[in-house]
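Here is a friendly walk through a structure you may not have met before. Have a look at it first, and then we'll go through its parts.

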Amino acid sequence: MRFAAPLSELALTNLIDAIDAVLPQTQCTRCEYPACRPYAEAVAKQEIPLNRCEPGGEEVIAKIAHLLDQTSLPLFHPARPTQVAFIREEDCIGCARCLPACPVDAILGGRRWMHTVITEDCTGCDLCLKSCPVDCIEMRAPPSHWVLPEPNLSRQRYHAHLSRQIARRTNRDHDQDRAQRRATMIQNARAAMQARKNKAP
Ligand code: SF4
Ligand code: SF4
Ligand code: SF4
């Protein structure tokens, strides 16, 4: 059902917040949006059907349908078995490429050190798999005590992850700027020296 009249900006923001609040916050991108919040925005604006969140399943679809006053739909993507990531530590080369790939910082490790998954924080999004150059991350059935991390916690971890990524990028840009300025200064000084030499009798 489409809304009879366009929603006010405030009503739309409230609706997006409400939809986002029922999403599992794995940030897995299976809905074909880069994270949960953009999917919530698209659903609220009626740009995409409400049945694209595979980790949320029928339960989340029903909640979104209720918020939108729409009829529930069957899940669009086939449901996948619940799994969590596992690193075969004996094969890990400590390249640290999996760290930025995990949206909720559930991987522990540092460059040249063995890495490991904090199973309690892992949402099973499988986004780390492709980042590993030696294929030592695999998805496995979770231990019996495992439960999907609480969505609010996953959202907080994701925001912390994004902030760190932005800070890292800003520092890198700053270092590159500094290196560029230094190179330009050296080049100018050399050119000035050469010009003085050329003028000398
Ligand atoms: S958890 Fe659902 S809404 Fe969030 S990114 Fe994954 S599929 Fe999209
Ligand atoms: S460890 Fe891998 S599967 Fe688990 S949350 Fe992080 S990226 Fe997703
Ligand atoms: S990407 Fe693979 S090899 Fe590199 S640190 Fe992570 S688990 Fe180890």
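Helices here are DSSP runs of H or I with at least four residues, strands are runs of E with at least two, and both are numbered from the N terminus. With that in hand, Thr71 is easy to place: look in the loop between α3 and β1 (84–87). Keep in mind that what you're seeing is a predicted model.

**The overall layout**

The protein has 5 helices and 4 strands. Walk along the sequence and you meet them in the order α-α-α-β-α-β-β-β-α. How does the radius of gyration sit against that of a compact globule? For 201 residues, such a globule would come out near 17 Å, but this protein has 24 Å. The C-alpha atoms fill a box of roughly 90 × 55 × 25 Å along the principal axes. Of the 201 residues, 23% count as buried.

The domain assignment splits the protein into domain 1 (9–68), domain 2 (84–140) and domain 3 (151–201). Between the C-alpha centres of domain 1 and domain 2 there are 27 Å. Contacts reach along the chain too: among those between residues at least 6 apart in sequence, 60% join residues at least 24 apart.

**The cores**

Nonpolar side chains in soluble globular proteins tend to be buried together. Here, the largest nonpolar core has 15 residues, and those with the most contacts inside it are Ile19, Leu23, Tyr39, Ala40, Val43, Val60 and Ile64. Three helices, α1, α2 and α3 (57–68), each supply at least two residues of this core. The largest share, 5 residues, comes from α2. Apart from this core lies another, of 14 residues, with Ala85, Cys102, Val104 and Tyr158 among them.

What does Ile64 touch, leaving aside residues up to four places away in sequence? Its partners are Ile19, Val22, Val43 and Leu50.

**Three ligands and their surroundings**

Each ligand has its own shell of residues, and cysteines turn up among the closest ones around ligand 1, ligand 2 and ligand 3. Here are the shells side by side.

| Ligand | Residues around it | Closest residues | Classes in the shell |
|---|---|---|---|
| Ligand 1 | 16 residues | Cys28, Cys31, Cys36, Tyr39 and Cys53 | 10 nonpolar, 4 polar and 2 charged |
| Ligand 2 | 14 residues | Ala85, Cys102, Cys122, Cys125 and Cys128 | 11 nonpolar, 2 polar and 1 charged |
| Ligand 3 | 15 residues | Cys92, Cys95, Cys98, His115 and Cys132 | 10 nonpolar, 4 polar and 1 charged |

Some of these names have come up already. Tyr39 comes nearest to ligand 1 along with four cysteines, and Tyr39 is also one of the residues with the most contacts inside the largest core. Likewise, Ala85 and Cys102 are among the closest to ligand 2, and both belong to the core of 14 residues.

**Two backbone oddities**

Most residues other than glycine have a negative phi. Gln27 has a positive one, near 60°. You'll find Gln27 in the loop between α1 (9–22) and α2 (36–44). Is Gln27 buried or exposed? Gln27 is buried, because 26 other C-beta atoms lie within 10 Å, and 20 or more is enough to count.

Asp126 has a positive phi as well, near 65°. Its place is the loop between β3 (116–117) and β4 (137–140). With 19 C-beta neighbours inside 10 Å, Asp126 counts as partly exposed.

**Out in the loops**

Back to Thr71, which sits in the loop between α3 and β1. Why does Thr71 count as exposed? Thr71 has 8 C-beta neighbours inside 10 Å, so it counts as exposed, the limit being 12 or fewer. Thr71 and Ile61 are 10 residues apart along the chain, and their C-alpha atoms are separated by 9.5 Å.

Trp113 lies in the loop between β2 (107–108) and β3. It counts as exposed too, with 11 C-beta neighbours inside 10 Å. Trp113 and Ala96 are 17 residues apart in sequence, while in space they are 8.2 Å apart, C-alpha to C-alpha.

Methods:
Residues are numbered from 1 along each chain as its sequence is written. Chains are lettered from A and ligands numbered from 1 in the order in which they are written. This is a predicted model: local features need pLDDT of at least 70, side-chain atom pairs count only at pLDDT 80 or more; totals for chains, interfaces and linings use all residues. A residue is near a molecule or strand if its C-beta atom, placed from the backbone, lies within 6 Å of it. Ala, Val, Leu, Ile, Met, Phe, Trp, Tyr, Cys and Pro count as nonpolar, Asp, Glu, Lys and Arg as charged, and the others, Gly among them, as polar. The radius of gyration is taken over C-alpha atoms; the globule rule is 2.2 Å times the number of residues to the power 0.38. Two residues are in contact if their C-beta atoms, placed from the backbone, lie within 7 Å. Domain bounds come from an automatic or database domain assignment. A nonpolar core is a set of buried Ala, Val, Leu, Ile, Met, Phe, Trp, Tyr and Cys residues joined through C-beta atoms within 7 Å.
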